[in-house]
Amino acid sequence: MSSSVVDKNKPHVIVIGAGIGGLTAAALLAHRGYSVLVLDQAIVPGGCASTFKRQGFTFDVGATQVAGLEPGGIHHRIFSELEIDLPAATPCDPACAVYLPGESTPINVWRDCEKWREERQRQFPGSEPFWQLMATLFDASWEFQGRDPVLPPRNLWDLWQLIQAVRPSTFITAPFTLLTVGDALRLCGLGNDQRLRTFLDLQLKLYSQVSADETALLYAATALSVSQLPQGLYHLQGSMQVLSDRLVQALERDGGRLLMRHTVESIKIENGKATAVVIRNQKTGEIWTESADHVVANVTVQNLVQLLGNQAPSGYQQRVEKLPPASGAFVVYLGVDASAIPLNCPPHLQFMYDANGIIGENNSLFVSVSHPGDGRAPEGKATIIASSFVDYEQWWQTPDYPSLKQKYTEEAIAHLNKYFYLKPETIIYQEAATPRTFAHYTARDRGIVGGIGQRIPTFGPFGFANRTPINSLWLVGDSTHPGEGTAGVSYSALTVVRQIQAEFKHR
Ligand SMILES: Cc1cc2nc3c(=O)[nH]c(=O)nc-3n(C[C@H](O)[C@H](O)[C@H](O)COP(=O)(O)OP(=O)(O)OC[C@H]3O[C@@H](n4cnc5c(N)ncnc54)[C@H](O)[C@@H]3O)c2cc1C
C-alpha cells in the first residue's frame, strides 16, 4: 500500500470502520475537501446496517427501519449536502404493531398523530398527561438537536456550539434532565399502570437498551415521538445496503478511498496526539503504518480502548470498564413462502412472551417483514427477521455453542409460529446470528450491539464525547450522542466533521 495516493495538499483523515457513522463522516469530509481513507475489516460496508444474500433472499443484518429521511431529517440533510439521491423508501404505518403478553390485538403505533392519540387513549386510559409531557419535551429537544449542539462539550468550541443551540424553549427540558421514564410515570400518577409500563419497556428497549425505569426521560421523549409525522420511520426499497452504497458512491466521487477487508490493529499516539494507524490487509497479510492528521474511530468505545492498548488514558479506560453490561442480540433470518405471512401483516411487529410483562433474556421479539416488491424476496416469497435481546456473556461461555444456537432458533420460531404460518413446507431458508456472529462480522467487542444504553449517567450531556482525550482522535457511532440507529450515528458523524473543520480553521 503506497501512501503516494494521499494528496499532500489536503489534510489526511483515516476513518476506522465503514458503518453508517464512519461512512457519513468520511463522505462529508471528502466532500468538504479532505483526503480520506476508510478501512473496514468486513467484506461489505454498512456494519450493523448492511445486508447479506442467501438463495435469492436479501436479509438486513441488523437495522431494518430508518428515521431521518424526511426533509430536515439527518439523512436528508446529509444526502442533500452530498448531492446524492435519498434511497427510495416506504413509510412504516404503523411504525410497529405491539402484542403484549397474552393479547391477540396489537397496540398500533400509527404514523398519523391524531390516529396515534386515539389509539393510545383507547389502549391506556388516563395516560394522556404522560404523552403530553413527552410531546412537549420532544418538541423542545428536537428543535435543540436540529441546531447541532455538541454533547457533551469538551472544549470552548464545543461549549459555544452547545450554547448557540439553546433557546428559551430549551429550558423547558432542564428540570427533566435527571429524570427517568419511570419517574415521569410516577409524577403523572401512572406508576402502577403495568400494561403501559410493559409497552414502554418494549418500545424503549429497542432504542435505549434499557427499561422505562432506567431510560433517561429526555432521550425517551425523542425515541417515543419520532415514529409520528412530520418525522416517521421508513422501510428502504431494495435493502438497508443502499444507504451505505450511496455514501460510498459520494465518498469515491469526491476522491475518498474505501478499503474493505483491511483491519486497523492499533492507533499510534505521539505526544498526546493520534498520528497514525497500523493496518493489516486480510487478503495478503501485509501490515503497514499509515500516518494521518486525524483519526476517526467508527467503533464501540470498548473497541477504541482496545485499539489504544496501553496508550489509553487511564481515566477513560476505567470509565469504559465500569460501564454496565451492554446488550447482545440473537437474530433469526427466515426466507419463507408468502403463504406464511398473514394478510395485512404490518412491516414491523413486537411480541412479548412473558406473562409477568417483565422484559428479560430472550422473551420478546422485534420482527421485520418484507413486503411484495420491496426487493428482499423473489415473487411469492418473503423475509422475516426476528431479533431479541440477549446476555452476550453466555454465548462466549457456553461449552456447547451449536446446541445453544439451535435451542434459541427453535424457541424463536415456535414463538413466531403463533402469528405466522411457519412449517417445514413454508420455511425455505433459515439462519441465525448470535453475539459471536456480530463479533465476527462487525468486529464489535464481544458482539455487543446498539450502543452503551441511554441511562442518566450515559446519555447526552453525560455520555462519551466524540472528542476523545487524545488530540486528533475522534469517536463516531452508537457509543456517542445521540445514540444508536442510523440517524443517531449520522448526527455523531456530522459533529465530528464540524469539529475537525474547526481545528483546521483555528490553526
Ligand atoms: C439486531 C439489530 C437491529 C437494529 N435495528 C435498527 C433499526 O431498525 N433501525 C436503526 O436505525 N438502527 C437499528 N439498529 C442499530 C443500528 O444498526 C446501529 O446503531 C448502527 O448501524 C451502528 O452504526 P455504527 O456506524 O455506529 O457502527 P457499526 O455498524 O458497528 O459499524 C462499524 C464498522 O467498523 C468496522 N470495524 C470495527 N472495528 C474495525 C477495525 N479494527 N478495523 C477495521 N474495521 C473495523 C466494522 O466491520 C463495521 O463495518 C439495530 C441493530 C441491531 C444489532
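A residue counts as buried when its relative accessible area is under 20%. That cut-off is handy for helix α7 of this predicted model, which runs over residues 194-208. Of the 15 residues in α7, 13 are buried, so the helix is largely enclosed by the rest of the structure. Its length works out too: at 1.5 Å a residue, α7 should span 21 Å, and its end C-alpha atoms sit 19 Å apart, which agrees. Right after α7 comes Q209, with a positive phi near 75°.

Helix α5 offers a look at the surface. This helix covers residues 156-165, and L156 is part of it. With a relative accessibility of 70%, L156 counts as exposed, because the bar for that word is over 50%. L156 also belongs to a nonpolar patch on the surface, made up with L159, W160 and I163. Together these four have about 440 Å² of accessible area.

Next comes the ligand. A shell of 36 residues surrounds it, and the closest are D40, Q41, C48, Q65 and R444. Several elements each chip in at least two residues of that shell: helices α1 (20-31), α14 (435-442) and α15 (486-505), plus strands β2 (35-40) and β10 (262-270). Some of the polar distances can be spelled out. A backbone N or O atom of G21 lies 2.9 Å from a ligand oxygen. The side chain of Q41 has an N or O atom 2.7 Å from an oxygen atom of the ligand, while a polar backbone atom of Q65 is 2.7 Å from a ligand nitrogen. On its own the ligand has 1000 Å² of accessible area, and the protein covers 91% of that.

R444, one of the closest residues to the ligand, has a polar partner within the protein as well. Its side chain makes a polar contact of 2.8 Å with the side chain of D478. D478 is found in the loop between β19 (473-475) and α15, and at 13% relative accessibility it counts as buried.

Charged pairs are the next topic. Side chains of opposite charge can pair when their charged atoms come close. In the whole structure, 21 salt bridges turn up. One of them links R117 and E128, with 4.0 Å from N to O. R117 lies in helix α3 (residues 113-123) and E128 in helix α4 (residues 128-146), so this pair ties together parts that are 11 residues apart in sequence. R117 is partly exposed at 28% relative accessible area, whereas E128, at 16%, counts as buried.

Other salt bridges stay inside a single helix. An α-helix has 3.6 residues a turn, so residues three or four places apart point the same way. R122 and E119 fit this picture: both lie in α3, three residues apart, about one turn of the helix. Their side chains meet in a salt bridge of 3.0 Å from N to O. Even so, R122 is exposed at 56% relative accessibility, and E119 is buried at 5%. In helix α13 (residues 401-416), E411 and K407 are four residues apart, again about one turn. Their salt bridge comes in at 3.5 Å, N to O. Here both partners count as partly exposed, with 31% relative accessibility for E411 and 42% for K407. There is also a network of salt bridges with shared partners, which joins E114, R117, R120 and E128.

Finally, the backbone has a few oddities. Most residues other than glycine have a negative phi, and most peptide bonds are trans. The bond joining D93 and P94 is cis, with omega about 5°, and P94 sits in the loop between β5 (89-91) and β6 (96-99). A cis bond also runs from L229 to P230, with omega near 5°. The loop between α8 (217-225) and β8 (234-236) is the place of P230. As for phi, E83 has a positive value near 55° without being a glycine. E83 is in the loop between α2 (74-82) and β5, and is exposed with a relative accessible area of 61%. R446 is not a glycine either, yet its phi is positive at about 55°. This residue lies in the loop between α14 and β19 and is partly exposed, at 34% relative accessible area.

Methods:
Residues are numbered from 1 along each chain as its sequence is written. This is a predicted model: local features need pLDDT of at least 70, side-chain atom pairs count only at pLDDT 80 or more; totals for chains, interfaces and linings use all residues. Side-chain values use heavy atoms; hydrogens and water are left out. Patches are made of residues with over 30% relative accessible area and no salt bridge: like charges are joined within 9 Å, nonpolar side chains (Val, Leu, Ile, Met, Phe, Trp, Tyr) within 5 Å. Accessible areas come from the Shrake-Rupley method with a 1.4 Å probe; for residues, only the protein chains shown count as cover. Buried means under 20% relative accessible area, exposed over 50%, partly exposed in between (1.4 Å probe, protein chains only). The expected span of a helix is 1.5 Å times one less than its number of residues. A residue is near a molecule or strand if one of its heavy atoms lies within 4 Å of it. A polar contact is a pair of N or O atoms within 3.5 Å; within protein, one must be able to donate a hydrogen and the other to accept it, and residues adjacent in sequence count only if both atoms are side-chain atoms.
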